[in-house]
Amino acid sequence: MGTRLLSEKLVKTRFPHLRYIRIHTSDKYKATIYAWTEDLQLSKQDALYVEKYANAYLYPYVVFQVKAYCAVRADKVPLLQEVPADITQTALRSNLNQYGILAAINRQFPYGRLRFKHYDVINSIIHFDFDSLRRMEEIEKEHMLRCLHEMIPLGCFCEVQFLEDEM
């Protein structure tokens, strides 16, 4: 499954002259690749090559478009936030599946268990339940969502229903 981090790594490997790469899920089953060279430029030819590469070799369920990196602000792409190294390592695995995602979250949040609930194909939303032994603070819930967003496939979104004291 293709995460943001793995996809960025693949694009950087294929196009090493592109110094700045950011990939963001822009809509269901759609992702935007933002790119610049060292000179803060993106030629039309580079944009075309990156788009062709992404649409041919990355993930068949995602439609990719390419824009200059400066469009990140205009497109209101959220700032990247730190996640634990374990989450990053998990997101970079090419063989990542739902069980790997659940295991990584459950290691980070040992006072509960994340469970896959269902996948809404129409809206491209993965639904999870988190059974917690205690009440979670909002900051903890936001942190879990950040971690999940790094591990779910590009073109998808996720939602977590937090359930307390039901284990």
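Is S124 buried or exposed? The legends below take that up along with a few other close-ups, all from a predicted model.

**View 1. S124 sits in a loop with an unusual backbone angle.** S124 is buried, and its relative accessible area comes out at 0%. Look for it in the loop between β4 (112–120) and β5 (125–132). Its phi is positive, about 55 degrees, even though S124 is not a glycine. For context, most residues other than glycine have a negative phi.

**View 2. Y29 is another non-glycine with a positive phi.** Here phi is about 60 degrees, and the residue lies in the loop between β1 and β2. Y29 is partly exposed, with a relative accessible area of 24%; the cut-off for buried is under 20%.

**View 3. Three strands make an open sheet.** The order is β1-β2-β3, and the pairing is mixed. β1 (18–27) and β3 (63–68) are the edge strands with a single partner each, so one side of each has no neighbour in the sheet. From one strand to the next, the twist averages 25 degrees. Zoom in on β1 and β2 (residues 30–37) and you get antiparallel pairing over eight bridges. One bridge to pick out: L18 is partnered with T37 in β2.

**View 4. Helices α1 and α2 against the strands.** Helix α1 (residues 4–14) packs on the sheet and touches β1 and β2. Its direction makes about 140 degrees with that of β1. Helix α2 (residues 44–58) lies across β1, β2 and β3, and runs at about 160 degrees to β3.

**View 5. F116 and F128 meet edge-to-face.** A search of the whole structure turns up 11 aromatic pairs, and F116 with F128 is a nice one to inspect. Their ring centres are 6.3 Å apart with the planes at 80 degrees, so the pair counts as edge-to-face. F116 belongs to strand β4 and F128 to strand β5, so this pair ties together parts 12 residues apart in sequence. As for solvent, F116 is partly exposed at 33% relative accessible area, whereas F128 is buried at 4% relative accessibility.

**View 6. An aromatic cluster, plus two arginines over rings.** F109, Y111, F130 and F162 make up one aromatic cluster. Y111 also has a charge for company: the charged end of R134 sits over its ring, 3.8 Å from the centre. For another arginine over a ring, turn to R14, which lies over the face of F15 at 5.0 Å from the ring centre.

Conventions
Residues are numbered from 1 along each chain as its sequence is written. This is a predicted model: local features need pLDDT of at least 70, side-chain atom pairs count only at pLDDT 80 or more; totals for chains, interfaces and linings use all residues. Side-chain values use heavy atoms; hydrogens and water are left out. Two strands pair if DSSP finds at least two bridges between them. Helices (H or I, at least four residues) and strands (E, at least two) are DSSP runs, numbered from the N terminus. Axes are lines fitted to C-alpha atoms, for helices over the stretch in contact, and angles run from 0 to 180 degrees between N-to-C directions. Contact means heavy atoms within 4.5 Å. Buried means under 20% relative accessible area, exposed over 50%, partly exposed in between (1.4 Å probe, protein chains only). Rings of Phe, Tyr and Trp (its six-membered ring) pair if their centres lie within 6.5 Å; planes under 30 degrees apart count as stacked, over 60 as edge-to-face and the rest as tilted. A charge sits over a ring if NZ of Lys or CZ of Arg is within 6 Å of the ring centre and within 35 degrees of the ring normal.
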